[in-house]
Amino acid sequence: MYTIVEITKYPLTPDYEAPILEFIKRLKQHEELDITVGETSTVVRGHYDKVMRALTDEMRVSLGGKVRTSFALKVLNVE
């Protein structure tokens with residue numbers, strides 16, 4: 001199943017930009033995914049299992065870091 005996920009990361013810190021850019025950089029390393037970066041969110045497209053695995057892995061890195069972080073996701077099945 002092909003899916004599209006719109007994700008927004010909210011680092012709860014005054015220096016919020018660096019953690020967001022690092023998260024996007026890590027997501028882009030997953031070559032099997034199509035990543036589109038917008039002004040307020042990032043759209044991730046691909047096979048459902050691969051998208052969710054990448055998001056789980058990269059969100060785990062962010063949530064395990066020193067900066068408190070919130071994520072908002074919208075998930076759409078395309079097929």
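**Exercise 1.** Does R45 count as buried, partly exposed or exposed, and at what relative accessibility?

*Solution.* Begin with the basis of the values: this is a predicted model, in which local features need pLDDT of at least 70 and side-chain atom pairs count only at pLDDT 80 or more, while totals for chains, interfaces and linings use all residues. Residues are numbered from 1 along each chain as its sequence is written, and side-chain values use heavy atoms, with hydrogens and water left out. Next, apply the classes: buried means under 20% relative accessible area, exposed over 50%, and partly exposed in between (1.4 Å probe, protein chains only). R45 has 24% relative accessibility, so this residue counts as partly exposed.

**Exercise 2.** Find the salt-bridge partner of R45 and place both residues in the fold.

*Solution.* A salt bridge requires a side-chain nitrogen of Lys or Arg within 4 Å of a carboxyl oxygen of Asp or Glu, and by this rule the count comes to 4. One of them joins R45 to D34, at 3.7 Å from N to O. This pair links distant parts of the chain, with R45 in strand β3 (residues 42–47) and D34 in strand β2 (residues 34–37), 11 residues apart; strands are DSSP runs of E, at least two residues, and helices are runs of H or I, at least four, numbered from the N terminus. D34 is partly exposed, at 38%.

**Exercise 3.** Describe the setting of the salt bridge between E58 and R26.

*Solution.* The N to O distance is 2.7 Å. E58 lies in helix α2 (residues 48–63) and R26 in helix α1 (residues 17–28), 32 residues apart. Both E58 and R26 are buried.
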